[in-house]
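Good morning, everyone. Please have the sequence and the 3D view open, and follow along as I go.

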Amino acid sequence: MSDVLALPIFKQEESSLPPDNENKILPFQYVLCAATSPAVKLHDETLTYLNQGQSYEIRMLDNRKLGELPEINGKLVKSIFRVVFHDRRLQYTEHQQLEGWRWNRPGDRILDIDIPMSVGIIDPRANPTQLNTVEFLWDPAKRTSVFIQVHCISTEFTMRKHGGEKGVPFRVQIDTFKENENGEYTEHLHSASCQIKVFKPKGADRKQKTDREKMEKRTPHEKEKYQPSYETTILTECSPWPEITYVNNSPSPGFNSSHSSFSLGEGNGSPNHQPEPPPPVTDVSLKLNNLLPTTTPQEAQQWLHRNRFSTFTRLFTNFSGADLLKLTRDDVIQICGPADGIRLFNALKGRMVRPRLTIYVCQESLQLREQQQQQQQQKREDGDSNGTFFVYHAIYLEELTAVELTEKIAQLFSISPRQISQIYKQGPTGIHVLISDEMIQNFQEEACFILDTMKAETNDSYHIILK
């Protein structure tokens, strides 16, 4: 939805279509798997009711006769899907309408592709600046079905005065292009569209039932004036959408001209992409694996590479940190699939796995002993203590083994784990008990210890005592 200057010509405006189009055999056919309304008069365009956010299949069918358009045999074509206004009045004010919707629904899209359910689509793209448009490549010789979701409802664009307003109709339009000599998808092949209305979840089913009951009450003579309800909706031919910026193959915001990022085969919704080498990390927050709302799109790409999401970098091109952080769990799972989607969502929200055990340690030193002696002397003299400030370090354990504890303490002392000969725990009457895996597993959560060191018999090694 953008500023409309040259508006498309829909099939119902047959008088405006060129005469040579009347008997033209269409190369493709698009079928929306949703029933048409029975309350549409003969010779009027069909009307289909959809539920907000529900996935609906559109079958992409090759309708060519033998020998027709041989130049696309064995090649891919590009189809661009749009949800646009049906009413001319709203088409002329699309930009203002869209901006108002964007303001009320920050982070949401008007049109999305349900990637896991789709079959045969290649390199699906959704430009974050064009909320009502998606595109993908497909092979006409192979089975192709794309599942779309429309997230706006028809009543969002009506003047709300007293409630119960009639929602405005939309159009689903598909424009298909083939490659030119330069490999750009600019040569128009076919365009088709259908009229829809979008309701809140389950509202389309109720509206369809209401229309059916109204038709049942009409006399047979009155029923003859109306179309029957069909199980599917066939998109009818229309003129191509006039916006040139969508059909060229030059890089635009959020898009990349290559088409190797996704390949969805039959029954397989897993992305297939050879990741590019990650760019050098320049931002300090990215080195710390933090994604901030102020992160730029380039820095967000670096973050995706560093966190093993290189497969999806093309899909999230031009997404800033704020854009990624606005994605819901369902959004991410829908885009990336269940496994990678949950992993990406946890990474975006900074959900760290809680360690199995946390202990706090303080390194004992001569200065610490002197402070303790002064503290005891102060207590004897004043009967109170001003307190001594001791610094403790947190150690997080996952495996709960003596080897892991040795490595964490060595890291704290900035020495090699080989330099720690044994670790003991001071027991009753000052005895030294050798630390074992079972003893660590019985440590209390957030237990506090003072670390004392003893020189071992071998050179450059120490015994560690937990007091």
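**A pocket, some strands and a few odd residues**

One thing before the tour: this is a predicted model.

Let's start with the largest pocket. Where does it lie? Domain 1, residues 28–237, gives residues to its lining, and so does domain 2, residues 297–349, so the pocket lies between them. Its volume is about 810 Å³. How do we find empty space like this? Rolling a probe the size of a water molecule over the atoms shows where it is left.

Now the walls. The lining has 31 residues. Nearest the centre are Gly-107, Asp-108, Arg-109, Asp-112 and Leu-327. Three elements give two or more residues each to the lining: strand S5 (111–113), strand S6 (121–125) and helix H9 (329–336). Which of them gives the most? That is H9, with four residues. By class, the lining has 13 nonpolar residues, eight polar and ten charged.

Stay with S6 for a moment. Asp-123 lies in that strand. Its phi is near 55°, which is positive, and the residue is not a glycine. Most residues other than glycine have a negative phi. Is Asp-123 buried or exposed? At 3% relative accessibility, it counts as buried.

Compare that with Lys-202. Here phi is near 70°, again a positive value in a residue other than glycine. Lys-202 sits in the loop between S10 and helix H3 (203–216). Its relative accessibility is 60%, so Lys-202 counts as exposed.

Next, strands. Strands of a sheet pair through backbone hydrogen bonds, either parallel or antiparallel. Keep both words in mind.

Take strand S10, residues 185–199. It is mostly covered: eleven of its 15 residues are buried. Which strands pair with S10? I will go through three.

- Strand S9, residues 170–179, runs antiparallel to S10, and ten bridges join them. Lys-178 has Glu-187 in S10 as its bridge partner.
- Strand S2, residues 47–51, pairs with S10 in the parallel sense, over five bridges. Here Asn-51 is matched with Phe-199 of S10.
- Strand S12, residues 236–237, is antiparallel to S10, with two bridges. Ser-193 stands opposite Thr-236 in S12.

Look at the turn between S9 and S10. The two strands form a hairpin with five residues between them. In that turn, Gly-183 has a positive phi of about 80°.

Now go further along the chain, to strand S15, residues 420–426. S15 pairs with strand S18, residues 462–466, in the parallel sense, over five bridges. Gln-422 has His-463 in S18 as its bridge partner. S15 also pairs with strand S16, residues 432–434; that pair is antiparallel, with three bridges. Gln-426 stands opposite His-432 in S16. S15 and S16 make a hairpin too, with five residues between them. In its turn, Thr-429 has a positive phi of about 60°.

Next, an open sheet. How many strands form it? Five, in the order S5-S8-S3-S1-S11, with antiparallel pairing. The edge strands are S5 and S11 (233–234), and each of these pairs on one side only. You have already met S5, in the pocket lining. Inside the sheet, strand S1, residues 28–32, is joined to S3 by five bridges, and the two run antiparallel. Phe-28 has Asp-62 in S3 as its bridge partner.

Last, two residues with charged side chains. Are they buried or exposed? We take them in turn.

Arg-64 is in the loop between strand S3 (56–62) and strand S4 (77–85). Buried means under 20% relative accessible area. Arg-64 has 18%, so it counts as buried. Its side chain makes a polar contact with the side chain of Asn-73, at 2.9 Å.

Lys-78 is in strand S4. At 3% relative accessibility, Lys-78 counts as buried as well. Its side chain makes a polar contact with the side chain of Glu-135, at 3.3 Å. One more number. Lys-78 and Leu-189 are 111 residues apart in sequence, and 9.7 Å apart in space, C-alpha to C-alpha. Find both in the viewer and turn the model.

That is the tour. Thank you.

Conventions. Residues are numbered from 1 along each chain as its sequence is written. Side-chain values use heavy atoms; hydrogens and water are left out. On a 1 Å grid over the protein atoms alone, a cavity is a set of points where a 1.4 Å probe fits but cannot get out, and a pocket is an open set with protein on both sides within 12 Å along at least five of seven lines; lining residues have an atom within 4 Å of a point. Grid points are joined across faces, edges and corners, and a volume is the space filled by probe spheres set on the points. Ala, Val, Leu, Ile, Met, Phe, Trp, Tyr, Cys and Pro count as nonpolar, Asp, Glu, Lys and Arg as charged, and the others, Gly among them, as polar. Domain bounds come from an automatic or database domain assignment. Buried means under 20% relative accessible area, exposed over 50%, partly exposed in between (1.4 Å probe, protein chains only). Two strands pair if DSSP finds at least two bridges between them. A polar contact is a pair of N or O atoms within 3.5 Å; within protein, one must be able to donate a hydrogen and the other to accept it, and residues adjacent in sequence count only if both atoms are side-chain atoms.
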